[in-house]
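Biologist: I have a model open on my screen and would like to learn how to read it. Could you take me through it feature by feature?

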There are 2 protein chains.
Amino acid sequence: MNDVIKLLNNHRSLRKFTDEKLSEDTIRTLVGAAQSASTSSYVQAYSIMGVTDPEKKKALREISTQSYVEHNGHLFVFVVDFYRHKELAKQAGTEISYDKTENLIVGVVDASLAAQNLATAAESMGLGICYIGSLRNDIKKAGEILGLPEGAFVLFGMVAGYPELGEDGSKKERLPFEAVYHENTYQKIEEVQDDIDAYDQRISDYYSSRTNGKRDDKWSEQVTEMLSKKQRLDVDTLLKEKGFLRQ
Amino acid sequence: MNDVIKLLNNHRSLRKFTDEKLSEDTIRTLVGAAQSASTSSYVQAYSIMGVTDPEKKKALREISTQSYVEHNGHLFVFVVDFYRHKELAKQAGTEISYDKTENLIVGVVDASLAAQNLATAAESMGLGICYIGSLRNDIKKAGEILGLPEGAFVLFGMVAGYPELGEDGSKKERLPFEAVYHENTYQKIEEVQDDIDAYDQRISDYYSSRTNGKRDDKWSEQVTEMLSKKQRLDVDTLLKEKGFLRQ
């Protein structure tokens with residue numbers, strides 16, 4: 001296993017950082033690595049924002065409710081962005097649309113590939129990172145804070161920074177290979193049930209050993225609970241306001 | 001600049017591979033790296049398929065129209081997948097839903113972060129990769145070929161393999177940092193117009209020098225043309241059939 005794969009396998013989300021800010025040089029390096037990711041048909045349908053204004057960080061923290069949105073080395077926000085394409089088309093006297101489900105997928109994929117490159121680049125420099133999906137708790141307000149125009153919306157944030165001493169995060173075991181990887185034909189649940197059951201038990205044991213038995217939920221219980229809540233219903237409303245999903 | 005960042009910056013899509021197939025070990029290593037990526041609230045809303053059956057590869061190639069979908073070291077297909085969550089909830093006597101725009105975003109982000117880790121891991125081993133968004137040319141048929149159940153759809157493919165001798169791909173310059181990175185407040189088009197115009201000119205020169213002047217389109221012309229076509233309208237239909245975007 002080479003060093004790059006070790007780095008990827010060793011990923012864990014970090015949430016406690018020193019006060020040291022990322023330098024302009026580091027930010028440019030990270031954004032450059034992000035931009036090197038593949039992009040669907042060269043469309044580059046995203047922007048990356050850096051938030052340094054303390055008032056804006058505080059306001060975004062309030063949306064996310066997570067303290068590390070305010071306290072970190074740098075706060076990036078990944079934006080799905082067709083605004084510039086629309087404006088450039090206008091200048092050329094024509095019109096484009098990004099109102100189809102396909103366009104939304106392209107934008108979300110493009111931004112995500114870039115973000116994961118940024119995460120890998122940051123970790124290769126000894127920085128820690130954590131994705132901040134909770135900016136979508138109020139996706140409209142998050143976009144207003146950053147001044148996003150039509151065609152652009154907040155997909156997620158990412159905090160990066162120098163890990164606080166002793167802060168090592170924790171790596172949660174993923175679903176077994178057998179349950180996630182399918183050769184040629186998708187395996188129905190009964191074919192992977194044993195693997196998932198064994199995984200569920202390991203996750204339950206993991207929580208139990210970390211909490212002295214106070215918590216012992218299985219993975220399937222966690223995700224069932226999460227997916228039974230109707231969360232972030234206004235994401236759909238905001239996307240339509242911004243010109244997406246109107247087809 | 002460290003070696004990982006050099007690797008990321010050096011990414012280019014490769015489309016010509018030797019006949020050598022990826023070993024089972026390599027596939028497991030790549031999938032392991034993919035699974036190490038962050039996942040929204042631990043939901044792991046994706047599956048990764050490996051397609052080795054020549055008939056299926058041929059059928060997927062016909063959808064994509066790209067020869068390398070058939071000729072490669074391995075063909076991965078990334079699937080947004082809430083099927084197993086739904087089945088596990090059923091077993092627990094409850095019901096979950098993934099019919100909201102938010103759920104779609106979570107699944108597309110999860111699968112994309114995993115895919116980009118797989119791409120980086122593959123390139124670190126000297127393999128080349130290319131994303132295959134064109135499986136969405138017929139997203140319904142692509143899913144049928146792979147036997148995808150409700151809750152699961154084909155997001156994109158990725159071919160990987162050992163580069164054919166002399167095959168080095170080509171790296172297309174990305175939008176300038178100044179046009180993609182915004183500090184604190186989104187910059188409207190007029191603030192980045194000069195950067196984009198200069199970029200457009202460089203892209204035009206690049207094509208011109210590679211084609212002896214036969215082609216000299218700017219980036220903005222390319223994306224305007226692409227986005228003025230109404231492509232892949234059935235993605236929306238298929239997603240709704242699969243239980244997404246029904247809210």
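**Reading a helix at the chain boundary**

Modeller: Start with helix α4 of chain A: its buried residues pack against β1 (46–51) and β2 of chain A, together with α7 (177–180), β5 (181–183), α8 and α9 of chain B. Keep in mind that this is a predicted model.

Biologist: Which residues of helix α4 (residues 83–91) of chain A are the buried ones?

Modeller: A bit of background helps here. An α-helix has 3.6 residues a turn, so residues three or four places apart point the same way. In this helix, the buried set is Tyr83(A), Arg84(A), His85(A), Glu87(A), Leu88(A) and Ala89(A). After α4(A) comes Gly93(A), which has a positive phi near 75°.

Biologist: What else in chain A touches chain B?

Modeller: Try Gln35(A), which belongs to helix α2 (residues 24–35) of chain A. With a relative accessible area of 6%, under the 20% cut-off, Gln35(A) counts as buried. Leaving out residues up to four places away in sequence, Gln35(A) touches Gln44(A) and Tyr46(A) from chain A, plus Arg174(B), Leu175(B), Phe177(B) and Val180(B).

Biologist: How are the two chains related, then?

Modeller: The way to read that is to lay one copy on the other and look at the turn and the shift. Here a turn of 180° and a shift of 0.0 Å along the axis put chain A on chain B with an RMSD of 0.0 Å. The two copies are thus related as by a two-fold rotation axis. Both copies use the same surface, too: 99% of the contact residues of chain A recur in chain B.

Biologist: Can you give me the overall picture of chain A?

Modeller: Sure. Chain A has 10 helices and five strands, and its C-alpha atoms fill a box of roughly 60 × 45 × 40 Å along the principal axes. Of its 247 residues, 60% are buried. Take the contacts between residues at least 6 apart in sequence: 77% of them join residues at least 24 apart.

Biologist: How is chain A divided into domains?

Modeller: Domain 1 covers 3–169 + 230–241, and domain 2 covers 177–216. The C-alpha centres of these two domains of chain A lie 30 Å apart.

Biologist: Now the aromatics. How many aromatic pairs are there over all chains?

Modeller: Two rings pair if their centres lie within 6.5 Å. By that rule there are 20 aromatic pairs over all chains. Take Tyr98(B) and Phe244(B): their ring centres are 5.0 Å apart and their planes meet at 55°, so the pair is tilted. The pair links distant parts of the chain, as the two residues are 146 residues apart. Tyr98(B) lies in the loop between α4 (83–91) and α5 (101–124) of chain B, and Phe244(B) in the segment after α10 (234–241) of chain B.

Biologist: Are Tyr98(B) and Phe244(B) buried or exposed?

Modeller: Tyr98(B) is buried at 3% relative accessibility, and Phe244(B) is buried at 0%. Over in chain A, Phe82(A), Tyr98(A), Phe153(A) and Phe244(A) make up one aromatic cluster.

Biologist: What about a charge sitting over a ring?

Modeller: Look at Arg215(A): its charged end sits over the ring of Tyr207(A), 3.7 Å from the ring centre. In chain B, Arg215(B) lies over the face of Tyr207(B), also at 3.7 Å from the ring centre.

Biologist: What should I ask about a polar side chain in a loop?

Modeller: Ask how buried it is, and what it reaches. Asn72(A) is in the loop between α3 (54–64) and β2 (74–81) of chain A, and it is buried at 1% relative accessibility. The side chain of Asn72(A) reaches the backbone oxygen of Tyr68(A) at 2.7 Å and that of Val69(A) at 3.0 Å. Setting aside neighbours within four places in sequence, Asn72(A) is in contact with Phe17(A), Lys21(A), Lys57(A), Val159(A) and Ala160(A).

Biologist: And positive phi values outside glycine?

Modeller: Chain B gives you two to look at. Thr65(B), in the loop between α3 (54–64) and β2 (74–81) of chain B, has phi near 70° and is exposed at 63% relative accessibility. Asn212(B), in the loop between α8 (189–210) and α9 (219–228) of chain B, has a positive phi of about 55° and is exposed at 74%.

Technical notes: Residues numbered from 1 in each chain as written. Chains lettered and ligands numbered in written order. Predicted model: local features only at pLDDT ≥ 70, side-chain atom pairs only at ≥ 80, totals over all residues. Heavy atoms only, no water. Phe/Tyr/Trp six-rings, centres within 6.5 Å; stacked < 30°, edge-to-face > 60°. Helix = DSSP H or I, 4+ residues; strand = E, 2+ residues; numbered from the N terminus. Buried < 20%, exposed > 50% of the residue type's maximum accessible area, 1.4 Å probe, protein only. Lys NZ or Arg CZ within 6 Å of the ring centre and 35° of its normal. Domains from an automatic or database assignment. Least-squares fit on C-alpha atoms with pLDDT ≥ 70 in both. Contact = heavy atoms within 4.5 Å. Polar contact = N/O pair within 3.5 Å; in protein donor to acceptor, adjacent residues only side chain to side chain.
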